[in-house]
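Student: Got a minute to go through this one with me? I'd like to start with a helix and work outward.

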Number of protein chains: 2
Amino acid sequence: MNESVFKAMSDATRRKIIELLKDGPKSAGEIAEHFSHAQPTISRHLTVLKHAKLITDRREGTFIIYQLNTTVLQEWLIWLFDHFGGGEQDEEK
Amino acid sequence: MNESVFKAMSDATRRKIIELLKDGPKSAGEIAEHFSHAQPTISRHLTVLKHAKLITDRREGTFIIYQLNTTVLQEWLIWLFDHFGGGEQDEEK
DNA sequence: TTACTTATTAGCTATATAGCTATATAATGA
DNA sequence: TCATTATATAGCTATATAGCTAATAAGTAA
């Protein structure tokens, strides 16, 4: 599994961006409105998510629209379950 | 969800420690043997995992035995699925 | 071209993290 | 008590990260 996905998902602001994009694509400005951070700060978070391939972007006029890459997100979840899920082991209390 | 769990799981060395402990409790030394890092480096990773409550420790003589806290790990996985799983949305290609 | 809007990039600061070596602590056993 | 073993902590360096403001880029429209 790509380390960059773990690093991207380890930040609360970026996780909230992912949750916002679950409701559909949004422009960088729309995303930034949900936070109290400066807009360039959110832009850099978007870059981190993009490098992890968790989101894609496309330009629409002056807007840049970000969209969730559900495939990468779900492959990450599956990887996590494969490696860390269902690991009950004998309780030898 | 506790931010410290995300931070703890975002490091490849710590994830490998978690995987090792899925096979059962191990001493700090046994764990360190699986890595090429210095022993204090692994000790610090164990501290990070302990603070996230992903592992517990108990002393047995001169050894300190670490054990996976499967509850915290599984609650994390469930939280992830609740927030990020099953998020298919209309493809408007 | 100029002005306006949207967003990114540059450059900075402060803090966190991962690695190391050296030292300290804690238990055991002579 | 002293030595040994197992492990943690202290103190350091180098790098990464998150935040900011200021500047740049790219599209639209007059």
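Tutor: Sure. This is a predicted model, and helix 2 of chain A is a good place to begin: its buried residues are A:Thr13, A:Arg14, A:Arg15, A:Ile17, A:Ile18, A:Leu20 and A:Leu21.

Student: What caps the N-terminal end of that helix 2 in chain A?

Tutor: A:Asp11 does, with a side-chain oxygen 2.9 Å from the backbone nitrogen of A:Thr13. After helix 2 of chain A comes A:Gly24, which has a positive phi near 125 degrees.

Student: Back to A:Thr13. Why does it count as buried?

Tutor: Because its relative accessibility is 13%, and buried means under 20%.

Student: And what does A:Thr13 touch?

Tutor: Leaving out residues up to four places away in sequence, A:Thr13 touches A:Phe35, A:His37, A:Ile42 and A:His45.

Student: Let's switch to the DNA. Which residues come nearest to strand D?

Tutor: There are 21 residues around DNA strand D, and the nearest are A:Thr41, A:Arg44, A:His45, B:Gly29 and B:Tyr66. A:His45 is also one of the residues that A:Thr13 touches.

Student: Which elements supply that surface?

Tutor: At least two residues each come from helix 4 (39-51) of chain A and, in chain B, from helix 3 (28-33), helix 4 (39-51) and strand 3 (63-68). Helix 4 of chain A gives the largest share, four residues.

Student: How many of the residues near strand D are nonpolar, polar or charged?

Tutor: Seven are nonpolar, 10 are polar and four are charged.

Student: On the DNA side, what share of the strand D atoms within 4 Å of the protein is sugar or phosphate?

Tutor: 67%, and the rest belong to bases.

Student: So which groups lie by a phosphate oxygen of strand D?

Tutor: A:Arg14 is one: a polar atom of its side chain is 2.9 Å from a phosphate oxygen of DNA strand D. The side chain of A:His37 has an N or O atom 3.2 Å from a phosphate oxygen of that strand. From chain B, a polar backbone atom of B:Ala28 is 3.4 Å from one.

Student: Now the two chains. How does chain B lie on chain A?

Tutor: A turn of 180 degrees with a shift of 0.0 Å along the axis lays chain B on chain A, at an RMSD of 0.0 Å. The two copies are therefore related as by a two-fold rotation axis. B:Ser10 has the C-alpha nearest that axis in chain B, 3.1 Å away.

Student: Why do we say the copies meet through the same surface?

Tutor: Because 100% of the interface residues of chain B are also interface residues in chain A.

Student: OK, helix 5 of chain B. Which residues are buried there?

Tutor: B:Thr70, B:Val72, B:Leu73, B:Trp76, B:Leu77, B:Trp79, B:Leu80 and B:Phe84. Their cover includes helices 1, 2 and 5 of chain A, plus helix 1, helix 2 and strand 3 of chain B.

Student: How far apart are the end C-alpha atoms of that helix?

Tutor: They're 21 Å apart, which agrees with the 21 Å that its 15 residues should span at 1.5 Å a residue. Just after helix 5 of chain B, B:Gly86 has a positive phi of about 55 degrees.

Student: Last one: is B:Val5 buried or exposed?

Tutor: Buried, because its relative accessibility is 2%. B:Val5 lies in helix 1 of chain B. Apart from neighbours within four places in sequence, B:Val5 contacts B:Ala52, B:Leu54, B:Val72 and B:Trp76. B:Val72 and B:Trp76 are among the buried residues of helix 5.

How values were computed
Residues numbered from 1 in each chain as written. Chains lettered and ligands numbered in written order. Predicted model: local features only at pLDDT ≥ 70, side-chain atom pairs only at ≥ 80, totals over all residues. Heavy atoms only, no water. Near = heavy atom within 4 Å. Polar contact = N/O pair within 3.5 Å; in protein donor to acceptor, adjacent residues only side chain to side chain. Nonpolar A, V, L, I, M, F, W, Y, C, P; charged D, E, K, R; others polar. Expected span 1.5 Å × (residues − 1). Buried < 20%, exposed > 50% of the residue type's maximum accessible area, 1.4 Å probe, protein only. Contact = heavy atoms within 4.5 Å. Least-squares fit on C-alpha atoms with pLDDT ≥ 70 in both.
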